[in-house]
Amino acid sequence: MQKVEAIIRPEKLNDVKNALAAAGFVGLNVVNVTGRGVQKGVVHIGRGGETYEVDMLPKVKLEVVVRDEDAEKVVQLIAQAARTGHIGDGKIFLIPVADAMRVRTGERGEAAL
Ligand SMILES: Nc1ncnc2c1ncn2[C@@H]1O[C@H](COP(=O)(O)OP(=O)(O)OP(=O)(O)O)[C@@H](O)[C@H]1O
Ligand SMILES: [Mg+2]
């Protein structure tokens, strides 16, 4: 199993959730985060022309644990739904997951997904 950890624009969350659900991936976890990428946040220009920097931007982190054979499909689905083509579109990480359990039944591994 793999945990797909995707950091995306908050305004893209609904599109991404819908794309995943349409493909049968319903269970997921959403966390509000702040972060920065290579641009170290952004420089804003105020009304008076003054500049100020915001170095941590609000993003949404989506976590989906999937079977190994589904990981690439989920990465592509998320990327296509989240992409605007502009800087700050986000990032996706793949993390191996050793095991899982459905607490209600005690099922383990992929049966617990
Ligand atoms: N190396 C990293 N490790 C963990 N989180 C990261 C990393 N890089 C980016 N992030 C997270 O992803 C969010 C979006 O990053 P962002 O899309 O700006 O990446 P980028 O590498 O700067 O690409 P781009 O040039 O398209 O902006 C960041 O705000 C941060 O929350
Ligand atoms: Mg960036």
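How do the residues of the lining of the largest pocket divide into nonpolar, polar and charged? The close-ups below, all drawn from a predicted model, take up that question and then look around ligand 1 and a second pocket.

**View 1. The lining of the largest pocket.** Here is the reply to our opening question: the lining divides into nine nonpolar, seven polar and seven charged residues. In total, 23 residues line this pocket, and its volume is about 510 Å³. If you would like to find the middle of the pocket, look for Arg-36, Gly-37, Lys-59, Gly-88 and Gly-90, which lie nearest its centre. Three elements give two or more residues to the lining: β2 (29-35), β5 (57-66) and β6.

**View 2. Ligand 1 and the shell around it.** What fills the largest pocket? The space taken by ligand 1 is this very pocket. Around the ligand there are 13 residues, and those that come nearest are Val-38, Gln-39, Gly-88, Gly-90 and Lys-91. Strand β6 (residues 90-96) supplies the largest share of this shell, with three residues. Sorted by class, the shell holds four nonpolar, five polar and four charged residues.

**View 3. Backbone atoms facing the oxygen atoms of ligand 1.** Move in on the stretch of chain that includes Gly-35, Arg-36 and Val-38, and follow the backbone rather than the side chains. At Val-38, a backbone N or O atom lies 2.8 Å from an oxygen atom of the ligand. A polar backbone atom of Arg-36 is 3.2 Å from an oxygen atom of ligand 1. For Gly-35, the distance between a polar backbone atom and a ligand oxygen is 3.3 Å. How much of ligand 1 does the protein bury? Taken alone, the ligand exposes 610 Å², and the protein buries 69% of that area.

**View 4. The second largest pocket.** This close-up turns to another space in the model, the second largest pocket, which holds about 250 Å³. Its lining is made by 14 residues, and Gly-27, Val-64, Val-65, Val-66 and Leu-113 lie nearest the centre. Which strand gives the most to this lining? That is β5, with four residues. By class, you will find seven nonpolar, two polar and five charged residues here. Strand β5 may look familiar from View 1, as β5 (57-66) is also among the elements that give two or more residues to the lining of the largest pocket.

Note on methods:
Residues are numbered from 1 along each chain as its sequence is written. Chains are lettered from A and ligands numbered from 1 in the order in which they are written. This is a predicted model: local features need pLDDT of at least 70, side-chain atom pairs count only at pLDDT 80 or more; totals for chains, interfaces and linings use all residues. Side-chain values use heavy atoms; hydrogens and water are left out. A residue is near a molecule or strand if one of its heavy atoms lies within 4 Å of it. A polar contact is a pair of N or O atoms within 3.5 Å; within protein, one must be able to donate a hydrogen and the other to accept it, and residues adjacent in sequence count only if both atoms are side-chain atoms. Accessible areas come from the Shrake-Rupley method with a 1.4 Å probe; for residues, only the protein chains shown count as cover. On a 1 Å grid over the protein atoms alone, a cavity is a set of points where a 1.4 Å probe fits but cannot get out, and a pocket is an open set with protein on both sides within 12 Å along at least five of seven lines; lining residues have an atom within 4 Å of a point. A molecule sits in a cavity or pocket if more than half of its atoms lie within 2 Å of its grid points. Ala, Val, Leu, Ile, Met, Phe, Trp, Tyr, Cys and Pro count as nonpolar, Asp, Glu, Lys and Arg as charged, and the others, Gly among them, as polar. Grid points are joined across faces, edges and corners, and a volume is the space filled by probe spheres set on the points.
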